[in-house]
Amino acid sequence: QVQLAESGGGLVQAGGSLRLSCAASGRTFGFYTMGWFRQAPGKEREFVAGISWNGGRTRYADSVKGRCTISRDNVKNTVFLQMDILKPEDTAVYYCARGSSVQIGVTSEEYYDWGQGTQVTVSS
């Protein structure tokens, strides 16, 4: 099991940027796909971005493509989500999660360990 802790959320104006971080415990962090999901009030949790175990492949939801960049540092056991040109509809609790060692899944069921989340609020 990998324990995850997100940070970096906050309140930002539309058009601004935030960089989320997710610190992971466990020596096997570098073996797994990592993903970012978000959940807005009254909505289901949705996939935002994912990255393969070595950072060589990434995948993004259409809603954030071109505005977000996922990256990872396997030495520091950390995964990042750089979010630019933020919109009010990006407001949500953002979660990082540990996936499988093979593919970058886009559903919650494909991820096995979750952090507690960090709130991102974008004002118009």
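Which backbone nitrogen does the side chain of D90 reach? In this predicted model, the partner is K87, whose backbone nitrogen lies 2.7 Å from the D90 side chain. D90 sits in the loop that links β8 (78–83) to β9 (92–98). The relative accessible area of D90 is 2%. The cut-off for a buried residue is under 20%, so D90 counts as buried. Contacts from beyond four places in sequence also surround this position. Setting the sequence neighbours within that range aside, D90 contacts R38, R67, I85, V120 and V122. One of these, R38, falls within strand β4 (residues 34–39).

Strand β4 pairs with β5 in the antiparallel sense, over five bridges. In this pairing, M34 stands opposite I51 of β5. The two strands form a hairpin with six residues between them. Within that hairpin, G42 adopts a positive phi near 80 degrees.

Strand β5 covers residues 46–51. Five of its six residues are buried, so β5 is largely enclosed by the rest of the structure. In a regular strand, side chains alternate between the two faces of the sheet.

Strand β5 also pairs with β6 (residues 58–60), again in the antiparallel sense, here over three bridges. I51 stands opposite T58 in β6. I51 of β5 thus faces M34 in one pairing and T58 in the other. β5 and β6 form a hairpin too, with six residues between the strands. G55 lies in this turn and has a positive phi of about 80 degrees.

Notes:
Residues numbered from 1 in each chain as written. Predicted model: local features only at pLDDT ≥ 70, side-chain atom pairs only at ≥ 80, totals over all residues. Heavy atoms only, no water. Helix = DSSP H or I, 4+ residues; strand = E, 2+ residues; numbered from the N terminus. Buried < 20%, exposed > 50% of the residue type's maximum accessible area, 1.4 Å probe, protein only. Polar contact = N/O pair within 3.5 Å; in protein donor to acceptor, adjacent residues only side chain to side chain. Contact = heavy atoms within 4.5 Å. Pairing = 2+ DSSP bridges.
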